[in-house]
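This explanation leads from the overall fold to the spaces inside it, and then to individual residues. Please keep the sequence and the structure in view while reading.

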Amino acid sequence: MQQQNQDATLLEQVYHSAEMGERGTELLIKKSKDGGLSSKLGEFRDEYASIKKDAADQLSAHGKAPKKASTLETSAQWMGVQLSTLADQSPARMAEMLVTGSAKNIIKGIEDIKQNHEAQHQTRKLAGRLVALENDSFNAMKTYLN
């Protein structure tokens with residue numbers, strides 16, 4: 001029973017993080033005027049979407065449905081992007097936002113995996129895939145910093 005609870009908990013966390021990552025990158029794509037950055041963000045958005053779908057599928061196999069982000073969360077994310085890019089929409093500013101977010105998400109993802117260490121290998125592997133994506137984002141965005 002403990003394992004099933006940890007699977008569901010970790011899958012919910014992965015789903016939520018991937019959903020927010022997908023939405024955040026989409027918001028920045030709409031603001032970006034740099035083709036290279038937009039392309040890279042599109043790759044990350046697609047991978048977030050894939051991880052989100054896999055988490056939803058695994059939750060479904062456990063008889064659960066993923067909880068969508070609340071309106072408050074999505075509104076706060078939208079507002080944060082709008083305010084953070086109001087005066088500066090440069091690739092360096094967007095990269096800085098993503099580097100900061102990715103660093104926090106790497107830490108959170110590792111903590112989530114450790115706290116749910118009894119989850120199935122498949123579940124932990126998906127969570128690890130999300131951490132790897134955040135790490136890839138972190139490294140890719142460093143090249144855009146001034």
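Two residues are in contact when they have heavy atoms within 4.5 Å. On that basis, in this predicted model, 84% of the contacts with a separation of 6 or more are accounted for by residues 24 or more positions apart.

The secondary structure can be stated briefly: the protein has five helices and zero strands. Followed along the sequence, the pattern reads α-α-α-α-α. The radius of gyration is 16 Å, close to the 15 Å that the globule rule gives for 146 residues, so the protein is as compact as a globular protein of that length. The C-alpha trace spans about 50 × 30 × 20 Å along its principal axes. Of the 146 residues, 42% count as buried.

The open and enclosed spaces come next. The largest pocket holds about 570 Å³ of space. Its lining comprises 24 residues, and those closest to the pocket centre are Met 20, Gly 24, Gln 77, Gly 101 and Asn 105. Helix H1 (2-31), helix H3 (71-84) and helix H4 (91-115) are the elements that give two or more residues to this lining. The largest share, nine residues, comes from H4. By class, the pocket lining divides into seven nonpolar, twelve polar and five charged residues.

Besides this pocket, the model has one cavity of 30 Å³ or more. About 110 Å³ of space lies in the cavity. It is lined by 13 residues, of which Ser 17, Asn 105, Gly 109, Asp 112 and Leu 130 are the closest to its centre. Two or more residues of this lining come from each of H1, H4 and H5. Here H4 gives the most, with five residues. The cavity lining has six nonpolar, four polar and three charged residues. Asn 105 thus appears among the residues closest to the centre of the pocket and also among those closest to the centre of the cavity.

Several individual residues show how the helices and the segments around them meet. Ser 38 belongs to helix H2 (residues 35-61). Its side chain makes a polar contact with the side chain of Ser 32, at 3.0 Å. When neighbours within four places in sequence are left aside, Ser 38 is in contact with Ile 29 and Ser 32. Ile 29 falls within the range of helix H1 (2-31).

Arg 93 is a residue of helix H4. The side chain of Arg 93 reaches the backbone oxygen of Ser 84 at 3.1 Å. Ser 84 is the residue with which helix H3 (71-84) ends. Beyond its neighbours within four places in sequence, Arg 93 is in contact with Ser 84 and Asp 88.

Which residues does Gln 3 contact, leaving aside its neighbours within four places in sequence? They are Glu 118, Ala 119 and Gln 120. Gln 3 itself lies in helix H1. Gln 3 and His 117 are 114 residues apart in sequence, yet 8.6 Å apart in space, C-alpha to C-alpha. With a relative accessibility of 33%, Gln 3 counts as partly exposed, because that class covers values between the 20% limit for buried and the 50% limit for exposed.

Arg 124, in helix H5 (residues 121-142), also has Ala 119 among its contacts. A polar atom of the Arg 124 side chain lies 2.3 Å from the backbone oxygen of Ala 119. The other contacts of Arg 124, again leaving aside neighbours within four places in sequence, are Leu 10, Ile 113, Asn 116 and His 117. Between Arg 124 and Asp 112 there are 9.3 Å in space, C-alpha to C-alpha, and the two are twelve residues apart in sequence. Asp 112 is one of the residues closest to the centre of the cavity. Arg 124 has a relative accessible area of 29% and is therefore partly exposed.

Technical notes. Residues are numbered from 1 along each chain as its sequence is written. This is a predicted model: local features need pLDDT of at least 70, side-chain atom pairs count only at pLDDT 80 or more; totals for chains, interfaces and linings use all residues. Side-chain values use heavy atoms; hydrogens and water are left out. On a 1 Å grid over the protein atoms alone, a cavity is a set of points where a 1.4 Å probe fits but cannot get out, and a pocket is an open set with protein on both sides within 12 Å along at least five of seven lines; lining residues have an atom within 4 Å of a point. Grid points are joined across faces, edges and corners, and a volume is the space filled by probe spheres set on the points. Helices (H or I, at least four residues) and strands (E, at least two) are DSSP runs, numbered from the N terminus. Ala, Val, Leu, Ile, Met, Phe, Trp, Tyr, Cys and Pro count as nonpolar, Asp, Glu, Lys and Arg as charged, and the others, Gly among them, as polar. A polar contact is a pair of N or O atoms within 3.5 Å; within protein, one must be able to donate a hydrogen and the other to accept it, and residues adjacent in sequence count only if both atoms are side-chain atoms. Buried means under 20% relative accessible area, exposed over 50%, partly exposed in between (1.4 Å probe, protein chains only). The radius of gyration is taken over C-alpha atoms; the globule rule is 2.2 Å times the number of residues to the power 0.38.
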